[in-house]
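User: Hi! I'd like to walk through this model with you, one question at a time. Could you give me the reasoning along with each answer?

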Amino acid sequence: MERAIRMVGAKLSGTEPELDMAEEILFWRKLYNDCIERFGENDIFTIEQGVDLATALHDADHIIEAERFLTTLAQKCRLVHGIDHKVTKETLVALQEIKVRQVYLSTGSDVFQALRYESDGERIVLQGPLPEHLDERNVDKEKTLTIDSKDARSLKGTPVVCHSLQLRSLVHLNGKIGEIR
C-alpha cells in the first residue's frame with residue numbers, strides 16, 4: 001500500500017518515484033505468486049506478471065536470475081500457448097533484451113554489445129554503439145570491432161567469469177571463458 005501511495009504522490013508532483021529495488025522485487029514477486037495461486041502458472045496474466053518480475057530483477061542488476069527465470073517462462077509459454085501467441089512473443093523479446101551483454105570502452109561513453117571473446121580471452125568482439133533503448137536498435141547501422149579485453153568495461157549487473165582468484169574463499173568463483181552459470 002505504501003508503494004502505491006508513493007507512486008501516486010510522485011505522479012501528482014510530476015517527479016520520478018524513488019523506488020527501493022529490493023522492495024520492487026518483493027512487490028512483483030508477490031504479484032506473480034498471487035497470480036499463480038489465482039489463475040495457475042500457465043495463465044496469460046500470470047506470465048505477463050512474470051515478465052514484469054523479470055524486468056524488476058534485471059533493473060536491480062539480478063541479471064542471471066532474471067535470465068534464468070525468463071528462459072523458464074518462455075519455454076512454458078511456448079509449450080502452452082504456442083510460438084505465435086502475443087504473450088510468447090513478448091516473453092521472447094524480453095529474454096533477448098536481457099541476454100544482450102553490454103560493455104563500454106574505457107576510452108569513451110558509448111555502449112556496445114559484447115559478442116564473443118577471441119585469442120583465449122585477450123580480445124573481445126563488440127557491436128554497436130547501442131541506443132539508450134534497445135527497442136530503437138538498428139543493427140544494420142552498427143559497426144563491429146575487435147579490441148583488447150582490458151579496454152572494455154562491463155556495465156553494472158553484466159555477468160562475468162572470474163579467472164585466477166587466489167583467495168581460498170573465492171576460488172569457487174573461477175570459471176572458463178564462455179562458461180555460463
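The questions and answers below go through this predicted model.

User: Glad to start with the overall layout. What pattern does the chain follow when read along the sequence?

Analyst: Happy to help! The secondary structure of this predicted model comes to five helices and five strands. Read from the start of the sequence, these elements give the pattern α-α-α-α-α-β-β-β-β-β.

User: And what percentage of the chain's residues are buried?

Analyst: A residue counts as buried when its relative accessible area is under 20%. The chain has 181 residues, and the buried share of them is 29%.

User: Let's look inside. Which element gives the largest share of the largest nonpolar core?

Analyst: The largest nonpolar core has 21 residues, and Leu53, Phe69, Leu70 and Leu73 are those with the most contacts inside it. Two or more residues come from each of α2 (21-39), α3 (44-59), α4 (63-81) and α5. The largest share is seven residues, and the element that gives them is α4.

User: Moving on to the strands, is Leu126 buried or exposed?

Analyst: Leu126 has its place in strand β3, which covers residues 123-128. The cut-off for a buried residue is under 20% relative accessible area. Leu126 has 0% relative accessibility, so this residue counts as buried.

User: How far is the C-alpha atom of Leu126 from that of Arg101?

Analyst: Along the chain, Leu126 and Arg101 are 25 residues apart. In space, the separation of their C-alpha atoms is 9.8 Å.

User: Now for charges. How many salt bridges does a search of the whole structure find?

Analyst: Side chains of opposite charge can pair when their charged atoms come close. A pair counts here when a side-chain nitrogen of Lys or Arg is within 4 Å of a carboxyl oxygen of Asp or Glu. For the whole structure, the number of salt bridges found is eight.

User: Let's take one in helix α2. What is the N to O distance between Lys30 and Asp34?

Analyst: Both residues lie in helix α2, four residues apart, which is about one turn of the helix. Lys30 counts as exposed at 52% relative accessibility, while Asp34 counts as partly exposed at 34%. Their side chains meet in a salt bridge with an N to O distance of 3.0 Å.

User: Helix α5 has a pair as well. Which residue forms a salt bridge with Lys86?

Analyst: Lys86 is exposed, with 55% relative accessibility. Its partner is partly exposed, at a relative accessible area of 35%. The two are four residues apart in helix α5, so about one helical turn separates them. With the closest N and O atoms 3.2 Å apart, the partner of Lys86 is Glu90.

User: There is also the pair of Arg137 and Glu142. Is Glu142 buried or exposed?

Analyst: The closest N and O atoms of the salt bridge between Arg137 and Glu142 are 2.8 Å apart. Arg137 is partly exposed, with a relative accessible area of 21%. Glu142 has a relative accessible area of 13%, and so this residue is buried.

User: Which residues gather with Glu97 in a patch of negative charge on the surface?

Analyst: Glu97 sits in helix α5, residues 86-99. A patch takes residues with over 30% relative accessible area and no salt bridge, and Glu97 is partly exposed at 35%. The residues gathered with Glu97 in this patch are Glu132, Asp135 and Glu136.

User: Let's turn to the loops. How far apart are Ser149 and Glu122, C-alpha to C-alpha?

Analyst: Ser149 lies in the loop between β4 (143-148) and β5 (152-154). Ser149 is buried, with a relative accessible area of 18%. In sequence, Ser149 and Glu122 are 27 residues apart, and the C-alpha to C-alpha distance is 5.5 Å.

User: What is omega for the cis peptide bond from Gly128 to Pro129?

Analyst: Pro129 is found in the loop between β3 and β4. The bond joining Gly128 to Pro129 is cis, and its omega is near 5°.

User: One last backbone question: what value is phi of Asp61 near?

Analyst: Asp61 has its place in the loop between α3 and α4. This residue is partly exposed, with a relative accessible area of 29%. Asp61 is a residue other than glycine with a positive phi, and that phi is near 65°.

Notes
Residues are numbered from 1 along each chain as its sequence is written. This is a predicted model: local features need pLDDT of at least 70, side-chain atom pairs count only at pLDDT 80 or more; totals for chains, interfaces and linings use all residues. Side-chain values use heavy atoms; hydrogens and water are left out. Patches are made of residues with over 30% relative accessible area and no salt bridge: like charges are joined within 9 Å, nonpolar side chains (Val, Leu, Ile, Met, Phe, Trp, Tyr) within 5 Å. Accessible areas come from the Shrake-Rupley method with a 1.4 Å probe; for residues, only the protein chains shown count as cover. Lys and Arg count as positive and Asp and Glu as negative; His and the chain ends are not counted. The place of a charge is taken as NZ of Lys, CZ of Arg, CG of Asp or CD of Glu. Buried means under 20% relative accessible area, exposed over 50%, partly exposed in between (1.4 Å probe, protein chains only). A nonpolar core is a set of buried Ala, Val, Leu, Ile, Met, Phe, Trp, Tyr and Cys residues joined through side-chain atoms within 4.5 Å.
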